[in-house]
Amino acid sequence: MGGISSDNVHGLLLALSSSIFIGSSFIVKKKGLKKAGANGTRAGSGGYSYLYEPWWWVGMITMVVGEIANFAAYAFAPAILVTPLGALSIIVSAVLAHFILEEKLHIFGVLGCILCMVGSTIIVLHAPLEKAITSVKELWSLATEPGFIIYICVVLVLVAILILKFAPKFGQSHMLVYIGICSLMGSLTVMSVKALGIALKLTFEGKNQFKYYQTWIFTIVVIVCCLSQLNYLNKALDTFNTAVISPVYYVMFTSLTIFASVIMFKDWDSQNASQIASELCGFVVILAGTFLLHKTRNMGGTLAGEPIIITNSSSEHRQSTSSH
């Protein structure tokens with residue numbers, strides 16, 4: 001039986017603080033959007049008066065802090081622990097909206113919050129221990145093993161097919177085309193973010209990792225994948241209902257990220273069947289809570305008009321929702 005290592009605790013605390021900052025930022029940004037809308041053209045009508053509203057900028061700064069904490073969390077804990085905890089930002093937003101914006105939370109929304117917390121607890125208690133990494137070269141070795149190379153090739157082929165064949169014909173009518181591109185690229189983003197985070201952590205400890213070309217390759221992958229995600233997520237948000245996109249994107253992104261992490265970092269090699277089953281059950285419970293929250297959001301008015309996007313890798317993704 002694996003216990004909760006100190007690195008996992010650090011990763012957990014960073015992931016929790018990330019959810020608090022990001023969840024709070026939605027409320028602060030919405031407060032700024034409301035004030036800006038009262039004094040000028042609303043963002044939803046194409047206005048940019050919110051750029052002159054201090055509250056909106058406070059919200060953006062809060063979100064950036066949350067994203068930095070999320071980035072750092074991957075340097076300490078496995079993706080299978082950090083990524084699902086992104087759902088907790090919904091709870092923070094829903095609760096703060098209930099008390100600050102007076103947007104009432106439906107009773108089933110409360111149940112959704114509880115399910116998310118229970119699922120997160122299950123995952124935290126059964127998360128695998130992070131393997132000690134002493135050099136970015138070890139990460140490169142993991143990333144270039146046959147199993148993960150095959151995964152990368154499959155992802156790139158699927159993304160190419162979706163972009164070149166399906167997006168032009170079905171992108172405007174089938175949500176899964178754009179969401180599929182975002183989720184597939186997102187799984188590679190998180191793996192590279194984790195590698196870059198560990199490289200930074202080792203560098204701060206006095207072991208400079210930026211002298212290795214592998215670190216720069218991971219950096220380039222992060223930039224390219226993030227830009228690709230941002231482009232296609234914005235297309236999805238501009239075309240489809242955000243309340244539907246959010247839970248579907250969360251499920252696909254988190255599932256593929258966990259799958260990629262299991263292949264690259266072999267998270268489950270040190271665990272028995274009972275621990276793995278517990279983690280999967282925890283993930284399913286979080287999914288149930290997430291869908292319940294989104295399904296009932298309009299019943300109680302929770303964050304009506306301020307869509308919530310659950311992602312662990314790009315503040316711009318969330319920023320794009322602020323205009324709704």
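Start with the whole protein: it has twelve helices and zero strands. Here helices (H or I, at least four residues) and strands (E, at least two) are DSSP runs, numbered from the N terminus. This is a predicted model, where local features need pLDDT of at least 70, side-chain atom pairs count only at pLDDT 80 or more, and totals for chains, interfaces and linings use all residues. Residues are numbered from 1 along each chain as its sequence is written, and side-chain values use heavy atoms, with hydrogens and water left out.

Stay zoomed out. Of the 324 residues in the protein, 53% are buried. Buried means under 20% relative accessible area, exposed over 50%, and partly exposed in between (1.4 Å probe, protein chains only).

Now show the surface. About 14000 Å² is exposed, and carbon and sulfur atoms supply 71% of it. Areas come from the Shrake-Rupley method with a 1.4 Å probe; for residues, only the protein chains shown count as cover.

Next, select residues 6-39. This is helix α1, and S18 is found in it. Is S18 buried or exposed? S18 counts as buried because its relative accessibility is 3%. Leaving out residues up to four places away in sequence, S18 touches G66, A69 and N70. A contact means heavy atoms within 4.5 Å.

Move on to residues 107-126. This is helix α5, and I114 lies in it. I114 has 41% relative accessibility, so I114 counts as partly exposed.

Last stop: select I107, F108, V110, L111, I114, M117 and V118. Together they make a nonpolar surface patch of about 610 Å².

How values were computed. Patch = residues over 30% accessible without salt bridge, like charges linked within 9 Å, V, L, I, M, F, W, Y side chains within 5 Å. Salt bridge = Lys/Arg side-chain N within 4 Å of Asp/Glu carboxyl O.
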